[in-house]
Amino acid sequence: MIKGVKHIIAVASGKGGVGKSTVTANLALALAASGAKVGVLDADIYGPSQALLFGVGDARVQSPDQKHFQPIEALGIQLMSMAFLVDEHTPMVWRGPMVSGAFQQLLTQTAWQDLDYLLIDMPPGTGDIQLTLAQRVPVSGAVIVTTPQDLALLDARKGIEMFRKVKVPVLGIIENMSLHTCSQCGHTEAIFGSGGGEQVAETYQAPLLGQLPLAMSIRLQADQGCPSVLAEPEGLAADTFHHMAAQIVAELTQKTQAATKVQIQFSDD
Ligand SMILES: Nc1ncnc2c1ncn2[C@@H]1O[C@H](COP(=O)(O)OP(=O)(O)OP(=O)(O)O)[C@@H](O)[C@H]1O
């Protein structure tokens, strides 16, 4: 257990650039809109992006007691990221063990305030660093973000396998950049292919939580530091995020109850 946190949810992708950080930020806002207290930990030590997504790129972390970091509060979400500790022009040239160490410190030494959900924006890939993080952190469940592209799906599968290996339940798959509708002519195209998310979900018997379009608005709103759930609360993307957040909570509740049952059965024997 991490102090001040009820549930940790890892958001992972396998392949980079599929929209994992954008999805994490929007999911956090959707969970918060339902009344939960939510935090986001940016575990992408090399390329942190949550600070920009929440419009607090210049924020710097404080440590009044010299032991704990105060999370940065933005748009109602508690945030912690490497971006708050180092200069944005400082390249991270650390090796694996140092990265895991830094991450562990960000996770355990942040003074999280009474969180229902802490979303971890995992670094892309399924290498040693990711495996260590998945193993060391008491994760309640993982959400996998992918595009319908074969290459991304292959990596998403590796991500799912990785969480299975460390016995973290996969709460569902999110297919991002599914369809694109041309703003000029209205024609809709499946730029990265179609049906992939569904296929992976079926193979691993995990729910397909939702499909998000490849939309200029999602990118623009993210760049402006006001993700779609807040920028366009009545929009289709926001609606999809709210729906997905509700499903994640339902899956988590179900999985947690099932795990408790197993524990009770064990102790009865
Ligand atoms: N549904 C979408 N429609 C349009 N643009 C999107 C969408 N999702 C994400 N993007 C854009 O795609 C780019 C990559 O997104 P993001 O940084 O969230 O991906 P990522 O998977 O976290 O990448 P990495 O793990 O490599 O940091 C960003 O410019 C983002 O604004």
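This briefing covers a sheet, the helices packed on it, and a loop with listed binding-site residues. The model is predicted. Its open sheet has eight strands with mixed pairing. Two glycines of the listed site, Gly-14 and Gly-16, sit in the loop between β1 and α1.

**The sheet**
- The strand order is β3-β4-β2-β5-β1-β6-β7-β10.
- β3 (72–74) and β10 (208–211) stand at the edges. Each has a single partner strand, so one side of each is left without a neighbour in the sheet.
- Neighbouring strands are turned by 25° against each other on average, direction ignored.

**The β10 edge**
- β7 (residues 170–175) pairs with β10 in the parallel sense, over three bridges.
- Ile-174 stands opposite Gly-210 in β10.
- Helix α6 (residues 196–203) packs on the sheet and touches β6, β7 and β10. Its direction makes about 165° with that of β7.

**Helix α5**
- Helix α5 (residues 150–165) lies across β1 (5–12), β6 (141–146) and β7.
- α5 runs at about 170° to β6.

**The listed binding site**
- An unreviewed UniProt entry lists Gly-14, Lys-15, Gly-16, Gly-17, Val-18, Gly-19, Lys-20 and Ser-21 under "binding site".
- Gly-14 lies in the loop between β1 and α1 (20–33). Gly-14 counts as buried because it has 26 C-beta neighbours inside 10 Å, and the cut-off for buried is 20 or more.
- Leaving out residues up to four places away in sequence, Gly-14 touches Gly-125, Thr-126, Asp-155, Ala-156, Lys-158 and Gly-159.
- Gly-16 is also placed in the loop between β1 and α1. Gly-16 is partly exposed, with 14 other C-beta atoms within 10 Å.

Technical notes: Residues are numbered from 1 along each chain as its sequence is written. This is a predicted model: local features need pLDDT of at least 70, side-chain atom pairs count only at pLDDT 80 or more; totals for chains, interfaces and linings use all residues. Two strands pair if DSSP finds at least two bridges between them. Helices (H or I, at least four residues) and strands (E, at least two) are DSSP runs, numbered from the N terminus. Axes are lines fitted to C-alpha atoms, for helices over the stretch in contact, and angles run from 0 to 180 degrees between N-to-C directions. Two residues are in contact if their C-beta atoms, placed from the backbone, lie within 7 Å. UniProt positions are given in the numbering used here, feature names are shortened, and annotations may be inferred rather than shown by experiment. A residue is buried if 20 or more other C-beta atoms lie within 10 Å of its own, exposed if 12 or fewer, and partly exposed in between; C-beta atoms are placed from the backbone.
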